[in-house]
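Me: Hey, I've got a protein model open and I'm not sure where to begin. Can you walk me through it?

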Amino acid sequence: MNKDEKRELRRKRLMDNKAYQTMQGLTRYMDRYYLDALIGVIPGWGDAIALVCVVPFVYFSSRVIKSVPLTLAVLNNALRDVLLGMIPFFIGDITDIFHRANTQNMQMIQGFVDGDEAVIKQVNQRALQSAIVLFVLLLLIVLMIWLLVSFGSYLYSLLASFF
C-alpha cells in the first residue's frame with residue numbers, strides 16, 4: 001500500500017467517524033440555517049446551548065485527530081462565538097449570523113482530515129496565539145456574565161422601586 005492509498009484510507013476512516021458526521025450536521029443547522037442565532041435569543045441559555053454544540057468538534061480534534069493546536073483553535077472560535085453572542089439587545093444574535101464559528105471549525109478540521117499542509121501549518125503556527133486568546137476569551141466571558149448579572153440586578157431593583 002503506497003502513501004496516497006494510506007492517506008485516502010485514513011481520510012475515509014476519519015470521515016466515517018460518528019463525531020465527524022455530527023459536526024457536519026451541526027455546522028449545517030447552526031450556521032447555514034442560522035439556528036445559532038435563533039438559539040441565542042433564549043436569554044441566559046442560548047449561548048450555553050450553542051457552546052454544548054461544540055463538544056463534537058473538541059472531541060474530534062483532541063481525541064480522533066489528536067492535535068493540541070487544532071483543539072486550541074476550535075475552542076478559540078467557539079468561545080469567541082459565545083462572547084459575541086452574549087452582547088445584549090440582539091446585537092450578539094445578529095453577530096452570530098455572520099461569525100459562523102462552526103463553519104470555521106469544520107474548515108480547519110477538514111484541512112486536517114484532507115492533509116492540507118497550508119491549513120495544518122497555519123493552525124500549528126497559531127497555537128501559542130490561540131492559547132493566549134483562549135485565556136483572554138475566558139476572562140472576557142466571565143466579565144460579560146458579571147456585567148449582565150449586575151445590569152439585570154440593577155434593572156430589577158429599578159423596576160421594583162416603581163411597584
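Reply: Sure, let's start with one residue. Arg-11 has a relative accessibility of 25%, so it counts as partly exposed. Keep in mind that this is a predicted model.

Me: What does Arg-11 pair with through a salt bridge at 2.6 Å?

Reply: That's Asp-114: the two side chains meet in a salt bridge, with 2.6 Å from N to O. Arg-11 is in helix H1 and Asp-114 is in helix H8 (residues 101-114), so this pair ties together parts that are 103 residues apart in sequence.

Me: Why would those two side chains pair up at all?

Reply: Side chains of opposite charge can pair when their charged atoms come close.

Me: Is Asp-114 buried, partly exposed or exposed?

Reply: Asp-114 is partly exposed, because its relative accessible area is 31% and the partly exposed class sits between 20% and 50%.

Me: Which residue forms a salt bridge with Arg-11 at 3.8 Å?

Reply: Glu-8 does, and the 3.8 Å is the distance between the closest N and O atoms. Glu-8 and Arg-11 are both in helix H1, three residues apart, which is about one turn of the helix. Glu-8 is partly exposed too, at 44% relative accessibility.

Me: OK, how many salt bridges does the structure hold?

Reply: Three. One of them joins the side chains of Lys-12 and Asp-16, at 2.9 Å from N to O. Lys-12 counts as partly exposed at 49% relative accessibility, and Asp-16 counts as partly exposed at 46%.

Me: Which residues get joined into one network by salt bridges that share partners?

Reply: Glu-8, Arg-11 and Asp-114. Arg-11 is the shared partner there, since it has a salt bridge with Glu-8 and another with Asp-114.

Me: Let's zoom out. How many helices and strands are in the chain?

Reply: There are 10 helices and zero strands. If you read along the sequence, the pattern is α-α-α-α-α-α-α-α-α-α.

Me: And what does the chain span along its principal axes?

Reply: The C-alpha trace spans about 80 × 30 × 25 Å.

Me: What share of the residues count as buried?

Reply: 40% of the 163 residues in the chain.

Me: Switching to rings now. How many aromatic pairs are there?

Reply: Two aromatic pairs. In one, the ring centres of Tyr-20 and Phe-60 are 5.7 Å apart and the planes sit at 50°, so that pair is tilted. Tyr-20 belongs to helix H2 (residues 18-32) and Phe-60 to helix H5 (residues 55-64), so to speak a link between distant parts of the chain, 40 residues apart.

Me: Are Tyr-20 and Phe-60 buried or exposed?

Reply: Both are buried.

Me: What about the rings of Tyr-29 and Tyr-33?

Reply: Their centres are 5.5 Å apart with the planes at 50°, so this pair is tilted. Tyr-29 is partly exposed, with a relative accessible area of 44%, and Tyr-33 is partly exposed as well, at 46%.

Me: Now the surface. Which residues form the positive patch?

Reply: Lys-3, Arg-7, Arg-10, Arg-13, Arg-63 and Lys-66.

Me: Which helix gives the largest share of the positive patch?

Reply: Helix H1 (residues 3-15), with four residues. Arg-7 is in helix H1, and its relative accessible area of 41% makes it partly exposed.

Me: And which residues are in the nonpolar patch?

Reply: The patch is made of Phe-89, Ile-91, Phe-151, Tyr-154, Leu-155, Leu-158, Leu-159, Phe-162 and Phe-163, and together they have about 1,100 Å² of accessible area.

Me: Which helix gives the most to the nonpolar patch?

Reply: Helix H10 (residues 127-162), with six residues. Leu-159 is found in helix H10.

Me: One last residue: is Val-142 buried or exposed?

Reply: Val-142 is exposed, because its relative accessible area is 55% and exposed means over 50%. Val-142 lies in helix H10.

Me: How far apart are Val-142 and Glu-117 in space?

Reply: They are 36 Å apart, C-alpha to C-alpha, with their positions 25 residues apart in sequence.

Key:
Residues numbered from 1 in each chain as written. Predicted model: local features only at pLDDT ≥ 70, side-chain atom pairs only at ≥ 80, totals over all residues. Heavy atoms only, no water. Patch = residues over 30% accessible without salt bridge, like charges linked within 9 Å, V, L, I, M, F, W, Y side chains within 5 Å. Areas by Shrake-Rupley, 256 points an atom, 1.4 Å probe, with all protein chains shown as cover. Salt bridge = Lys/Arg side-chain N within 4 Å of Asp/Glu carboxyl O. Lys, Arg positive; Asp, Glu negative; His and termini not counted. Charge placed at Lys NZ, Arg CZ, Asp CG, Glu CD. Helix = DSSP H or I, 4+ residues; strand = E, 2+ residues; numbered from the N terminus. Buried < 20%, exposed > 50% of the residue type's maximum accessible area, 1.4 Å probe, protein only. Phe/Tyr/Trp six-rings, centres within 6.5 Å; stacked < 30°, edge-to-face > 60°.
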